[in-house]
Amino acid sequence: MTATGQAPEPAIEIRENAEEERYDLLVDGKLAGMAEYRDREGRRIFFHTEVDEAYAGRGLGNRLARAVLDDSLARGLHVVPRCPFIRAWLERHPDYAARLVG
């Protein structure tokens with residue numbers, strides 16, 4: 001507990017796990033979600049994204065999507081959103097879609 005009586009914010013980390021071709025979402029060091037991809041000829045194909053139900057409702061899926069898409073953009077990759085979650089996220093954020101989808 002903090003001085004205000006609230007629990008401290010959990011440590012959230014999103015990192016690429018290139019060996020497994022996915023990004024891992026870690027909450028306090030524990031795997032809480034992932035976004036799986038395949039790279040093909042300058043494209044990053046996202047085909048599965050999930051956040052563990054124990055972490056639902058905290059906006060972690062949104063943070064994961066933004067982080068993986070930002071990383072894809074920084075690498076100059078075009079995104080192919082085969083994953084329904086990433087596709088829906090891009091539909092809600094057309095500014096990202098215009099820069100990433102190829």
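1. Strands β1 (residues 12-17) and β2 are paired in the antiparallel sense, with six bridges between them. The model under review is a predicted one. Within this pairing, R15 lies opposite D24 of β2. The hairpin that β1 and β2 form has four residues between the strands, and E21 adopts a positive phi near 55° there.

2. Strand β2 also pairs with strand β3 (residues 30-40): six bridges join them, and the two run antiparallel. One point of register is given by L26, which stands opposite L31 in β3. The hairpin of β2 and β3 has two residues between the strands, and D28, in the turn, has a positive phi of about 50°.

3. How many of the six residues of strand β2 (residues 22-27) are buried? Six of the six are, so β2 is largely enclosed by the rest of the structure. In a regular strand, side chains alternate between the two faces of the sheet. For β2 both faces are covered: R22, D24 and L26 are buried on one side, while Y23, L25 and V27 are buried on the other. Two of these residues already appeared above, D24 as the residue opposite R15 and L26 as the residue opposite L31.

4. The pairing continues from β3 to β4 (43-51), again in the antiparallel sense, over eight bridges. R40 has R43 in β4 as its bridge partner. This hairpin has two residues between the strands, and E41 takes a positive phi near 45°.

5. Is E41, in the loop between β3 and β4, buried or exposed? Its relative accessibility is 79%, and because the threshold for exposed is over 50%, E41 counts as exposed. Relative to R82, E41 is 41 residues away in sequence and 16 Å away in space, C-alpha to C-alpha.

6. Helix α1 (residues 60-74) has 15 residues; at 1.5 Å a residue it should span 21 Å, and its end C-alpha atoms are 21 Å apart, so the expected and modelled lengths agree. The buried residues of α1 are L60, G61, L64, A65, V68, L69 and S72. They cover an arc of only 160° around the axis, which means that they lie on the same side of α1. After α1 comes G76, with a positive phi near 75°.

Notes
Residues are numbered from 1 along each chain as its sequence is written. This is a predicted model: local features need pLDDT of at least 70, side-chain atom pairs count only at pLDDT 80 or more; totals for chains, interfaces and linings use all residues. Side-chain values use heavy atoms; hydrogens and water are left out. The expected span of a helix is 1.5 Å times one less than its number of residues. Buried means under 20% relative accessible area, exposed over 50%, partly exposed in between (1.4 Å probe, protein chains only). The arc is that of the directions from the helix axis to the C-beta atoms. Two strands pair if DSSP finds at least two bridges between them.
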